[in-house]
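Q: Please take a close look at one helix at the start of the chain, with its surface, its buried side and its aromatic contacts, and give the cut-offs behind each term.

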Amino acid sequence: MQVVAGLILGWAVLYLVICAYLVRRYFADGRQRLYLDLSATSLLLCVYSVLAVRFHLATDVEEGALLTRIQVTLLPLVIAHLIDFALRFAVPERAGARRAAHAVFGLAVVLSVLVAAGLAFDPSRPQILQVRMLGVTGAYYQHAATPLGTAIIAVLLGGAVAAAGIVGWAALRGRNNALPVFLGTALFVVAGTNDALVSLGLLPSPYLIEHGYAFLLFGFLLTLLERSSRLGTELRVRSRELEGANRELAALHRSLRQSYDSLSRTKEELQEAARLADLGRMAASLAHEI
């Protein structure tokens, strides 16, 4: 299991790097909340992965069960951040989306409390699941999930898939490349199905959900960066158009200024001619009188 634990540790380091990168983009790109949402998800997944590393190296049921409980306690918050990101990505200005996000976070807190209270796993049903696949051997030590725990995990998996669906739909509607989200979702569903079979003792495979979350996050990240790149390109095009319009306005202003100056000179010449004409009439009248 050391090989699997080492791979998950690599994911944890990568999550931390992604979190730092997104925070930097948040301050560099106008403080867009999307970056903060995804950076919070990355940070939570980093903590989750560190716990998963220790879980894969656990040597008794009590240690494995405790680590599983802590991991599943964090998962509702991870999924809530994913859904919040999806809603901000898809419908950023709608008040209904904000209310939905608040409801999701409220539900996430409730689920986390239920898991932390020990209602998701049954201590009277310890499990030792043997793993033998592709040169990986070992065992998982944990408690069996209660019906409530199974329902909670199903809700969390469904929430992650729903978030991916929202982002994919928004990407297609905005003519972005939604392929990363679809691929990440497909791999996530495969990983979730694998883990369900493993927990039931029907498949001697390692748990894959830690890797599934990585692919799902990468799909979200690539779609976000592509949209940001497209918006940046559009902004540069608009900037060039505005610069061209500004040059045209400047040329028109110069032309109008020249016309105004010419009219001013003509007006002064006419006024001078009028004064000279008045003087001429006065001189003629005076000469006549003399």
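A: A nonpolar surface patch is made up of Leu9, Val13, Leu14 and Val17, which together have about 330 Å² of accessible area. Patches take residues with over 30% relative accessible area and no salt bridge, joining like charges within 9 Å and nonpolar side chains (Val, Leu, Ile, Met, Phe, Trp, Tyr) within 5 Å; a salt bridge is a side-chain nitrogen of Lys or Arg within 4 Å of a carboxyl oxygen of Asp or Glu, and accessible areas come from the Shrake-Rupley method with a 1.4 Å probe, only the protein chains shown counting as cover for residues. The model is a predicted one, in which local features need pLDDT of at least 70 and side-chain atom pairs count only at pLDDT 80 or more, while totals for chains, interfaces and linings use all residues. Residues are numbered from 1 along each chain as its sequence is written, and side-chain values use heavy atoms, with hydrogens and water left out.

Of the patch residues, Val17 belongs to helix 1, residues 2-28, where helices (H or I, at least four residues) and strands (E, at least two) are DSSP runs numbered from the N terminus. The 27 residues of helix 1 should span 39 Å at 1.5 Å a residue, and this agrees with the 39 Å between its end C-alpha atoms; the expected span is 1.5 Å times one less than the number of residues. Just after helix 1, Gly30 has a positive phi of about 80°.

The buried residues of helix 1 include Ile8, Trp11, Tyr15, Ile18, Leu22 and Tyr26, buried meaning under 20% relative accessible area, exposed over 50%, and partly exposed in between (1.4 Å probe, protein chains only). An α-helix has 3.6 residues a turn, so residues three or four places apart point the same way.

Turning to aromatic contacts, a search of the whole structure finds 10 aromatic pairs, counted when ring centres of Phe, Tyr and Trp (its six-membered ring) lie within 6.5 Å, with planes under 30 degrees apart stacked, over 60 edge-to-face and the rest tilted. One of them is the edge-to-face pair of Tyr26 and Phe27, at 5.0 Å centre to centre and 75° between the planes. Tyr26 is buried, its relative accessible area being 14%. Trp11, for its part, forms one aromatic cluster with Phe215 and Phe218.
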